[in-house]
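Please find below a colleague's note on the structure, set out as numbered points. Each point is meant to be read with the coordinates open alongside.

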Amino acid sequence: MILKVCSKISFLLLFTLIGNYTYSQPFSFGFGLGIATPNDEINNVYNSDKINLNNNIGNVIRDAVKLGYYIGTNLNLPLSKDFSFRAGISLNRFPKSELKIYFPNSTYDTVILKSLQNIIPISVGFDWFLYRSFVNPYLTGNLSYYYILHSIDIVRLNQELPISTSETDSRLGAGIGAGLDFDLKILTIFLEGKYWFVNLIGGESNEQSKNFFSLGLGVIFGGR
């Protein structure tokens with residue numbers, strides 16, 4: 001409900017700003033890269049700690065996800081001195097983590113898998129600049145569509161079980177953060193930290209919150 005209200009406000013703000021658009025700067029293009037650190041639920045491939053295989057309930061034990069990285073691109077449109085519209089896409093990749101599935105009430109052996117997580121947010125949002133100078137601090141927020149891909153390697157599987165070697169999901173969420181722009185006239189360097197809420201909308205019943213934090217450097221060819 002909150003996200004739906006925020007979505008309506010964001011789009012209303014966008015149309016209002018564009019309707020009153022007098023800022024003369026053109027679109028600018030940029031890219032960034034950095035680290036991404038996940039919460040414990042990012043590698044929950046099956047969105048549950050239990051999985052049903054051949055009518056046998058298996059308990060899933062997951063390793064903690066390790067530090068990952070991201071790389072992304074963005075398109076910027078200055079709307080006024082204080083606001084800039086931003087659209088972007090990025091790849092957030094987290095290293096392989098081990099999953100063990102064991103069946104306490106069955107003769108099945110323990111199944112050992114390794115899962116690589118890729119999260120691709122496609123986002124639209126706004127940057128709000130607190131003031132303008134050589135160093136420009138700003139707050140940022142966006143709505144995102146997340147494409148989530150888990151690539152699964154089977155390490156040990158002694159019996160025929162219907163284990164998929166890939167799992168894909170999509171979710172709707174958001175991101176909030178803050179950053180600094182360093183205006184070098186012909187280009188802009190930025191430092192930005194952002195917290196991403198992956199599954200605010202579209203999650204399965206009892207699905208735990210999946211979030212991660214990214215921190216990175218980037219360059220924009222032009223201003224915003």
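1. Asn92 is buried, because its relative accessible area is 1%, where the cut-off for burial is under 20%. The residue lies in strand β5, and its side chain makes a polar contact of 3.3 Å with the side chain of Ser90. As with every value in this note, these come from a predicted model, and they should be read as computed from that model.

2. For orientation, the secondary structure of the protein chain amounts to 1 helix and 10 strands. Followed along the sequence, the order is α-β-β-β-β-β-β-β-β-β-β, and of the 224 residues in the chain 44% count as buried.

3. A second polar contact between side chains deserves a look beside the one made by Asn92: the side chains of Ser123 and Ser144 are joined by a contact of 2.6 Å. Ser123 is found in strand β6, and Ser123 is classed as buried because its relative accessible area is 10%, with burial set at under 20%.

4. Turning to the aromatic residues, a search of the whole structure finds 9 aromatic pairs. One of them is formed by Phe129 and Tyr138, whose ring centres are 5.4 Å apart and whose planes meet at 50 degrees, so the pair is described as tilted. Phe129 and Tyr138 are both buried.

5. Another of the pairs is that of Trp196 and Phe212, where the ring centres lie 5.9 Å apart and the planes are at 15 degrees, so this pair is stacked. The pair links distant parts of the chain, since Trp196 belongs to strand β9 and Phe212 to strand β10, with their positions 16 residues apart in the numbering. Trp196 is buried, with a relative accessible area of 8%, and Phe212 is buried as well, with a value of 1%.

6. Which residues make up the aromatic cluster that contains Trp196 and Phe212? The cluster is formed by these two residues together with Phe94 and Tyr146.

7. Two arginines should be examined together with the tilted pair of Phe129 and Tyr138. The charged end of Arg132 sits over the ring of Phe129, at 3.8 Å from the ring centre, while the charged end of Arg224 sits over the ring of Tyr138, at 4.6 Å from the centre of that ring. Each ring of the pair therefore has an arginine charge placed over it, given that a charge counts as sitting over a ring when CZ of Arg is within 6 Å of the ring centre and within 35 degrees of the ring normal.

8. On the surface, a nonpolar patch of about 950 Å² is made by Ile35, Leu67, Phe134, Ile176, Leu184, Ile189, Leu191, Tyr195, Phe213, Leu215 and Leu217. The elements that give two or more residues to this patch are β9, which spans 188-201, and β10, which spans 211-221. Leu215, one of the contributors, is found in strand β10 and is partly exposed, because its relative accessible area is 37%, a value that falls between the limits of 20% and 50% used for that class.

9. Where is Asp109 placed? Asp109 lies in the loop between β5 (83-102) and β6 (111-129), and at 38% relative accessibility the residue counts as partly exposed. The C-alpha atoms of Asp109 and Arg156 are separated by 9.1 Å, although the two residues are 47 residues apart along the chain.

10. Finally, two backbone values merit a check by anyone who prepares this model for further work. Lys185 has a positive phi of about 70 degrees although it is not a glycine; Lys185 is placed in the loop between β8 (166-183) and β9, and at 71% relative accessibility Lys185 counts as exposed. Asn206, likewise not a glycine, has a positive phi of about 65 degrees; Asn206 is placed in the loop between β9 and β10, and Asn206 is exposed, with a relative accessible area of 72%.

Conventions. Residues numbered from 1 in each chain as written. Predicted model: local features only at pLDDT ≥ 70, side-chain atom pairs only at ≥ 80, totals over all residues. Heavy atoms only, no water. Patch = residues over 30% accessible without salt bridge, like charges linked within 9 Å, V, L, I, M, F, W, Y side chains within 5 Å. Areas by Shrake-Rupley, 256 points an atom, 1.4 Å probe, with all protein chains shown as cover. Salt bridge = Lys/Arg side-chain N within 4 Å of Asp/Glu carboxyl O. Helix = DSSP H or I, 4+ residues; strand = E, 2+ residues; numbered from the N terminus. Buried < 20%, exposed > 50% of the residue type's maximum accessible area, 1.4 Å probe, protein only. Phe/Tyr/Trp six-rings, centres within 6.5 Å; stacked < 30°, edge-to-face > 60°. Polar contact = N/O pair within 3.5 Å; in protein donor to acceptor, adjacent residues only side chain to side chain.
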